[in-house]
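Dear colleague,

Please find the structure we discussed below, handed over for your records. I should be grateful if you would read the notes beneath it alongside the coordinates.

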Amino acid sequence: MKDTVGFNTKILHTLTSYGQREILPPISQVSAFSYESMEELEKVFAHKSMGYAYTRIGNPTLAAFEQKVNRLEGGIGAISASSGMAAISSAILNVCESGDEIVVSRGLYGGTIDLFHDLEKLGIHTVCARNINDRDELEGLITDRTKLVFSELISNPSLMVLDIPEVAKTAHAHNIPLFVDSTTATPYLAAPLSFGADIVIHSTSKYINGGGNSIGGIIVDGGRFVWDFEKHKALAEFKKYGKMAFLLRLRTDLWENLGGCMSPMNAYLSYIGAETLGLRMERICQNADRLAHALDEEEGITVSYLTLSSHPCHEYVDKLLKGLGGGILSFRTGSKERAFKIINALKYGLIASNIGDLRTLVIHPASTLYIHSGKEETEAAGVFDDTVRVSVGIEDPEDLINDFREAVKAADSE
Ligand code: PLP
């Protein structure tokens, strides 16, 4: 099928290889696969014939989900993982060894920042750019030991947007790939590979699944980066596979050995969830835009949302995000006490530590997601003591806006 069709048609009509006329992939809820002869299984293990041996290494339901997301992102292949964090850690460890460095943007999701501290203990050093879109700054941070540049496309929750074409240009000039966590942008707002990114990662626990029913992650390889095996020594053994080296090392070595595979049931649920991604994101972005503008009119509330002209990354909405602002907004209330009161007074905004659900979710990030991070890291992520993060859902917009207005009124009259 040509990729000239619209997003929703493409996502519903991805041709996947399960192909027994089922309209959805069967759930292969098995640990292992049996063979007629030992010779056949030997060939599968030796990668001389296609087949599944053991679900930690591969499974048809995982493959169906991987193919669907890969098609949306326009990659040469994808590997699913047990969580977004498993996807990020596997992707980084696939190309980095002790002594290597990675350059990352600041203001990333707190769990990813925590992972960088863990990587530090393994000898992989993280260098943090204050503004990764500033070419001079980025150039100054790249050294001979730098193996990749990593950033979120829309950072959660600071909502800083990665200028993919510019950052990719600088990284590529140094033979370094650009890894993009596109969880909050989703394939509906942008296909990072088409702008020059090399590896795209999602926490599928969020918008791709959408229903809040399973944790998962995925790594998609664009296949355009020309690996320099002298520089990327971690991939040297896979040199003969050329542009497939990254995926093959992951699939047959690192990802397989780390053991962070997605469960078949989660792959099935995420597959079904992904099919409504376009419709959900359309509604979520409309709701978020309306809620952001409505909250911005409230006394003593300062809203951060990409479609507001006051946002420092507003220019990227049209340049990279199809004119949409995504599903996350945050607002400052003046004090932690007022933030808590507003959150507690909400009827439809559920207090929960997640984003990308059908339902609107709210949290006070400073006392939860950033509890392990230092003040500087926390503030760099756009999180202050009075910040409320909102992951906007698909509720009727009038109900949502009224809920937040009433909550502010209730908090101020206490
Ligand atoms: N990346 C981003 C941008 C996130 O917001 C999160 C989780 O909130 C993750 C990665 C981690 O995903 P998971 O919780 O599926 O491990």
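The notes that follow concern the two pockets examined in this structure.

Please bear in mind that this is a predicted model.

The largest pocket

The largest pocket encloses about 900 Å³ of space. Its lining consists of 29 residues, and those nearest the pocket centre are Met50, Gly51, Tyr52, Ile57 and Arg251. Four elements each supply two or more residues to this lining: the helices α2 (38–45), α3 (60–73) and α9 (245–258), together with the strand β1 (77–81). Sorted by class, the lining of the largest pocket comprises 15 nonpolar, ten polar and four charged residues.

The second largest pocket

For the second largest pocket, the computed volume is about 580 Å³. It is lined by 32 residues, with Ser158, Met160, His311, Pro312 and Ala380 closest to the centre. Two or more lining residues come from each of β4 (146–152), β8 (302–304), β9 (328–332), α12 (315–320) and α14 (375–380). Strand β8 makes the greatest contribution to this lining, giving three residues. As to class, the lining of the second largest pocket holds 14 polar, twelve nonpolar and six charged residues.

Where does the second largest pocket lie with respect to the domains? Residues of both domain 1 (7–274) and domain 2 (278–413) take part in its lining, and the second largest pocket therefore lies between the two domains.

With kind regards

How values were computed
Residues are numbered from 1 along each chain as its sequence is written. This is a predicted model: local features need pLDDT of at least 70, side-chain atom pairs count only at pLDDT 80 or more; totals for chains, interfaces and linings use all residues. Side-chain values use heavy atoms; hydrogens and water are left out. On a 1 Å grid over the protein atoms alone, a cavity is a set of points where a 1.4 Å probe fits but cannot get out, and a pocket is an open set with protein on both sides within 12 Å along at least five of seven lines; lining residues have an atom within 4 Å of a point. Grid points are joined across faces, edges and corners, and a volume is the space filled by probe spheres set on the points. Ala, Val, Leu, Ile, Met, Phe, Trp, Tyr, Cys and Pro count as nonpolar, Asp, Glu, Lys and Arg as charged, and the others, Gly among them, as polar. Domain bounds come from an automatic or database domain assignment.
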